[in-house]
Structures are given as C-alpha cells and as structure tokens.
Amino acid sequence: MSELLPNDVNLLVSGTRVGVELEDVPAEDVVSGAPRQGVAELGAISGAEVGVWELRDGVVTDTEVDEVFVVLSGGATIELLDEDRTVEVGPGDVMRLLAGTRTRWTVEDHIRKVYISAE
C-alpha cells in the first residue's frame, strides 16, 4: 500500500473520510463483543509513523506503543490497567500513551483517531 502522505510532496488528507479497511480483532485481544479494527497508514515524519486507526463495537485489550493521538470521531473508555485508572476520550481529545502500557478499550459504537507513534 502506498503512503497517503509521502515525504516528498505537500498534500491534504481528510482523517474523517480516509478509507480504513476493518478486520476482526484477534481473538486473544477480545474481552467482549465482536470488535473490528483497521489502520490507514498515512506516512512518516522524522522517524515516527502517522496513521488513522479505527475500532468498532466491543471491548479489547492492548499493550501500547509510544504514541500521541487525537480523536477524530466517536469515543472510548480506556482503562490504564497498570495505573488502575480510566480515561474517557472523545472528538478533539489528545492523549499520550507510553510504550508498554496495558490498556482495555471499551467502544460502544466506534473510535477513529489519528496517531503519531515511534517506529
């Protein structure tokens, strides 16, 4: 797949409209529901990966990479399992997740975010 925002040209992409192909979340990461997720890789900047990620309909666990994200649409409840606290995120929210953080994402409808992560 080619990058939507290659390093050699000034371009615009709508994060809310870019196509994200969804697939089932691996069974070992599913807590409940029938969640589906997908990524549209946008490109890279200074060694960091940039993309759009979407998750729909369910509860999943994850071990995070080092990233900053901005919620474009939808929302989620994110349990930071090692910190015993919960964060609610929605459109316009910006969050930092540290590599190795264990999380549980509860998504009633969907969450779509643009992320910047260390490769």
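In this predicted model, strand 3 supplies the largest share of the lining of the largest pocket, namely 6 residues. The points below begin with that pocket and then turn to three residues, Thr103, Gly100 and Asp24, taking for each its place in the chain, its exposure and its contacts.

**The largest pocket**

- The space in the largest pocket comes to about 350 Å³, and of the 18 residues that line this pocket, Trp53, Asp62, Glu64, Val65 and Glu67 are the closest to its centre.
- Two or more lining residues come from each of strand 2 (30-45), strand 3 (48-63) and strand 8.
- By character, the lining of the largest pocket divides into 8 nonpolar, 4 polar and 6 charged residues.

**Thr103, in strand 8**

- Thr103 belongs to strand 8, which covers residues 102-118, and this residue counts as buried because its relative accessibility is 0%, where the cut-off for buried is under 20%.
- The side chain of Thr103 makes a polar contact, at 2.6 Å, with the side chain of Glu64, and Glu64 is also one of the residues closest to the centre of the largest pocket.
- When neighbours within four places in sequence are left aside, the residues in contact with Thr103 are Val60, Thr61, Asp62, Glu64, Ile78, Glu79, Leu80 and Leu81.

**Gly100, in the loop before strand 8**

- Gly100 lies in the loop that runs between strand 7 (94-97) and strand 8, and with a relative accessible area of 43% Gly100 is partly exposed, since that class lies between the limits of 20% and 50%.
- Apart from neighbours within four places in sequence, Gly100 is in contact with Thr63, Glu64 and Asp82, so that Glu64 is a contact of Gly100 as well as of Thr103, where contact means heavy atoms within 4.5 Å.
- Between Gly100 and Asp24 there are 23 Å in space, C-alpha to C-alpha, and the two residues are 76 residues apart in sequence.

**Asp24, in strand 1**

- Asp24 is found in strand 1, which consists of residues 23-24, and Asp24 counts as exposed because its relative accessibility is 55%, with exposed meaning over 50%.
- Leaving aside neighbours within four places in sequence, Asp24 is in contact with Pro35 and Arg36, and the side chain of Arg36 makes a polar contact with the side chain of Asp24 at 2.9 Å.
- Asp24 and Gln37 are 13 residues apart in sequence, while in space they are 6.4 Å apart, C-alpha to C-alpha.

Terms used
Residues numbered from 1 in each chain as written. Predicted model: local features only at pLDDT ≥ 70, side-chain atom pairs only at ≥ 80, totals over all residues. Heavy atoms only, no water. Helix = DSSP H or I, 4+ residues; strand = E, 2+ residues; numbered from the N terminus. Buried < 20%, exposed > 50% of the residue type's maximum accessible area, 1.4 Å probe, protein only. Polar contact = N/O pair within 3.5 Å; in protein donor to acceptor, adjacent residues only side chain to side chain. 1 Å grid on protein atoms, 1.4 Å probe; cavity = no way out; pocket = protein on both sides within 12 Å on 5 of 7 lines; lining within 4 Å. Points joined across faces, edges and corners; volume = space filled by probe spheres on them. Nonpolar A, V, L, I, M, F, W, Y, C, P; charged D, E, K, R; others polar.
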